[in-house]
Structure formats: structure tokens, C-alpha cells
Amino acid sequence: MDARAMLAAAWLCLLPLPASGGGAPAGAPTRPLVRLTDTTATAAGWLRFRPDSERLNLHNRAVVFLRIGMAVPRLLLAAAPVLLLLAAAGADAQLSAGFYSASCPAVHGVVRQVVSQAVMNDSRSGAAILRLFYHDCFVNGCDASLLLDDTPATPGEKGAGANSGGSTFGFDLIDTIKAQVEAACPGTVSCADILALAARDSVNLLGGPSWAVPLGRRDATFPNATGAGTDLPGPGSDLDRLVAAFAAKGLTSRDLAALSGAHTVGMARCLSFRARAYCDDNVSPAFASRMRGACPASGGDDAAAPLDAATPSEFDNGYYRNLVAGAGLLHSDQELFNNGPLDALVRLYSANGAAFSSDFAASMVRLGNVGPLTGSAGEVRLDCRKVNSS
């Protein structure tokens with residue numbers, strides 16, 4: 001590494017980790033924090049000029065107000081897990097693997113045939129579909145809002161937060177599947193269900209498990225670009241951020257560990273792992289050297305490397321073996337095995353591929369149950385890129 005590159009690398013490590021998709025979009029206005037001390041000081045100054053009797057009355061009211069105000073968040077926090085479980089139970093009740101048995105029995109075969117051909121031509125297609133499913137479900141729930149293109153009036157999710165810079169052929173593949181499903185069963189199968197089926201088939205065709213996909217989702221009529229900028233944890237996330245992001249969707253730490261195994265296939269851009277290559281101290285020296293060879297300290301943001309270099313086109317438990325060896329490509333990957341609470345689970349998955357496959361399949365079903373639109377909510381889009389009224 002020459003002197004200029006060494007200087008760039010040193011400067012890089014003084015900067016925060018790259019944008020993770022967990023904060024507000026770049027350039028978005030921020031809301032100043034209101035501190036209790038500021039409010040208290042202002043109120044105290046105002047009260048000094050009130051009559052004694054009125055000050056006492058106002059003081060008593062303020063005490064009651066503050067007690068109520070402090071109690072409400074505690075009640076909401078206590079109720080949150082229950083509400084999430086009830087929401088998940090409601091989704092389970094409304095979704096069914098046999099939802100299209102009468103209205104479109106051909107949908108399973110159509111989706112699998114198209115995905116099979118795509119994966120045969122380019123194994124990255126499977127990883128791309130899996131990524132779309134995860135990124136869709138984490139914003140607004142599994143409602144295909146991610147598939148909507150930008151419009152002059154409404155920015156979509158495709159270029160927001162952790163979605164920015166991603167490849168487009170996953171979207172193109174969904175378009176191909178949708179066209180063939182529409183030819184077989186017009187106006188019947190939602191884009192959200194097509195994406196869920198395509199994600200399952202992608203995993204299975206790359207050598208991973210299969211599972212019965214609960215169906216019956218409907219499609220969103222609007223995107224949530226802001227949510228894409230705040231809800232998706234990105235490659236620079238630490239373990240606390242990852243656990244919190246999954247918990248916000250009703251998913252557990254075990255779901256986090258299992259679903260992260262999707263990174264056994266696919267590629268990542270240099271921009272996503274540059275800080276890991278040059279700054280992290282929990283990385284194998286040999287692996288860091290290889291990362292630096294693929295990703296310069298400055299420039300080359302779009303240079304790509306496989307998330308699992310050993311078996312990049314196979315859906316297996318190699319991802320976890322990499323973590324145990326200190327060879328996770330992304331900072332957020334290695335956070336799962338970093339002397340923390342998920343170390344034992346990572347070790348289990350690294351040694352037992354069947355345990356990983358079983359947990360991954362179960363977690364994918366739970367992920368697919370995050371906030372679906374059902375019944376008369378939303379619509380069944382005829383074109384996954386735009387709402388029917390456009």
C-alpha cells in the first residue's frame with residue numbers, strides 16, 4: 001500500500017461507519033431533542049411570577065401530569081410485545097398455503113419455472129430475490145411496496161436507505177414472473193405473494209430448504225421511502241441495532257441469526273465493507289488482506305465481492321463458518337459472532353447445517369407474516385411497478 005493509500009485508510013478509520021440505512025436519509029431535516037431539564041427550567045422561571053396559591057395549584061397539576069406522562073410510556077412498552085404477538089397471530093390466521101388452490105392452482109409451478117431458469121442462467125438472481133423479500137417486509141410489512149417505481153409526486157423505496165445502489169435484475173425477474181402469472185390467472189395473485197414464493201424457490205433452487213409459504217397478501221398502494229431510510233439495518237450496524245430492528249418487526253434474536261444466513265449467497269459492494277476491511281479489529285488478517293485487494297481505501301465503491309467466498313452460489317451454512325473464522329464480509333455480519341449473546345447459535349449453525357436450514361425456514365415464515373395487507377386492504381396490482389389507478 002503506498003503512502004497516499006495508507007493516509008486514506010487511516011482517515012477512513014476516523015470516520016463513522018458507512019450509512020447503515022438505520023438513520024434518517026441524507027439531507028433529511030432532524031428534530032431537536034427536547035430535554036426535560038430545558039422544559040423544567042422554563043416552567044420554573046414562569047412559575048416564579050405567579051401568585052403563591054396559583055403556583056401551588058399549578059405545581060400539583062404538574063405533578064399529576066408528569067406521573068401520568070411517565071406511566072404511559074411504561075404501559076406502552078409493556079404492551080408492545082403483546083401487540084406484536086397479536087398482530088403476528090392475526091397474520092397467521094388470514095394467510096394460508098392453500099389460498100390460491102381454487103383461484104390459481106398454477107401459480108406455484110409458474111413461479112418456480114421462471115425462478116429456476118433465472119437461477120440457472122445466473123445464481124445471483126436467487127440472492128437478489130431473497131434480498132428484495134427481506135427489504136420489502138422490513139418496510140410497511142410484506143406488501144410489495146418496495147416494487148413500486150418512483151413517480152413525480154411520490155418517491156419510491158428503491159433508492160432509499162439501504163436499498164440504494166442495489167442491482168435491478170431482481171425487479172426485472174419479478175416483472176417476468178408477474179407477466180406469466182397474469183397470463184395464467186388474470187388479476188388474482190398479488191405481487192407480494194409472488195415475491196414470497198420466489199424467495200422460497202430461490203433458496204431451495206440454490207440448495208437450501210423449502211417450506212410451505214402462507215399466501216393471501218395484497219399489495220400496497222403507496223411506498224414508504226422514509227421507512228426504507230429508517231427501518232432497514234445496514235452493513236455498518238452493531239448488534240444492538242440489529243436486535244432492535246428485528247424486535248420492532250416482532251422477530252427474535254434467533255430469527256436475526258437464522259435470517260442473516262441468507263448472506264451465504266450474493267455479493268456486496270466495496271462501499272458496504274470498506275470500513276470492515278480497513279478498520280475492524282475482529283477480522284482475520286488474511287481475510288482483511290483479501291478484502292483490501294478487492295476494495296481500495298478510496299474510490300471503487302461499486303467493486304463487488306461475494307458475501308461467502310468459499311461457496312458463493314450455494315445456500316449452505318458456510319456463512320457461519322466464515323463468522324467463526326473472523327471472515328464475515330460485513331461489519332454487521334461479524335457482529336453476530338463477536339463475544340456476544342449469539343455466539344453459541346452461530347457455532348451451532350456452523351457445525352450443523354440441518355439446524356440452520358430448519359431455523360431459517362421457520363424464520364422466513366415469520367418474516368413473511370410481518371404486517372401483510374389482507375382482506376379488502378390494498379389491491380392486487382396488475383403491474384408490480386405501479387398501482388392500478390395510475
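**Exercise 1.** Which residues does Asp-201 touch, not counting residues up to four places away in sequence?

*Solution.* Keep in mind throughout that we're working with a predicted model. Start by placing the residue: Asp-201 sits in helix α7. Next, check its accessibility. The relative accessible area is 2%, and the cut-off for buried is under 20%, so Asp-201 is buried. Now list the partners. With residues up to four places away in sequence set aside, Asp-201 touches His-108, Val-111, Arg-112 and Val-115.

**Exercise 2.** Find the residues that touch the most other members of the largest nonpolar core, then look at the surroundings of Ile-177.

*Solution.* The largest nonpolar core has 75 residues, and those touching the most other members are Phe-133, Ile-174, Ile-177, Leu-336, Phe-360, Met-364 and Leu-367. Which helix gives the most to this core? That's α7 (residues 191–205), with nine residues. Now zoom in on Ile-177: leaving out residues up to four places away in sequence, Ile-177 touches Val-111, Val-114, Val-115, Ile-194 and Ala-198. Val-111 and Val-115 should ring a bell, since Asp-201 touches them too. Finally, don't miss the other core, which lies apart from this one and has 16 residues, including Cys-270, Ala-277, Cys-295 and Ala-297.

**Exercise 3.** Describe how helices α11 and α12 pack.

*Solution.* Two packed helices are described by the angle between their axes and the distance between the axes. Take the pair α11 (residues 270–279) and α12 (residues 285–294): their axes come within 9 Å and cross at roughly 135°. That makes α11 oblique to α12. What is the handedness of the crossing of α11 and α12? It's left-handed. Next, go to the residues themselves. From α11, Phe-273, Arg-276, Ala-277 and Tyr-278 meet Ala-288, Met-291 and Arg-292 of α12. Sorted by type, the residues of this contact come out as five nonpolar, no polar and two charged.

**Exercise 4.** Decide whether Phe-356 is buried or exposed, and work out its contacts.

*Solution.* Phe-356 belongs to helix α16 (residues 353–368). Its relative accessibility is 1%, so Phe-356 counts as buried. For the contacts, drop the neighbours within four places in sequence; what's left is Ala-258, Gly-261, Phe-315, Asp-316, Asn-317, Tyr-320 and Tyr-349. How far apart in space are Phe-356 and Asn-317, C-alpha to C-alpha? They're 6.9 Å apart, with their positions 39 residues apart in sequence counted as separation.

Terms used
Residues numbered from 1 in each chain as written. Predicted model: local features only at pLDDT ≥ 70, side-chain atom pairs only at ≥ 80, totals over all residues. Heavy atoms only, no water. Axes fitted to C-alpha atoms, helices over the stretch in contact; angles between N-to-C directions. Helix = DSSP H or I, 4+ residues; strand = E, 2+ residues; numbered from the N terminus. Parallel < 35°, antiparallel > 145°, perpendicular 65-115°, else oblique. Left-handed = near helix turned anticlockwise from the far one by under 90°. Contact = heavy atoms within 4.5 Å. Nonpolar A, V, L, I, M, F, W, Y, C, P; charged D, E, K, R; others polar. Buried < 20%, exposed > 50% of the residue type's maximum accessible area, 1.4 Å probe, protein only. Core = buried A, V, L, I, M, F, W, Y, C linked by side-chain atoms within 4.5 Å.
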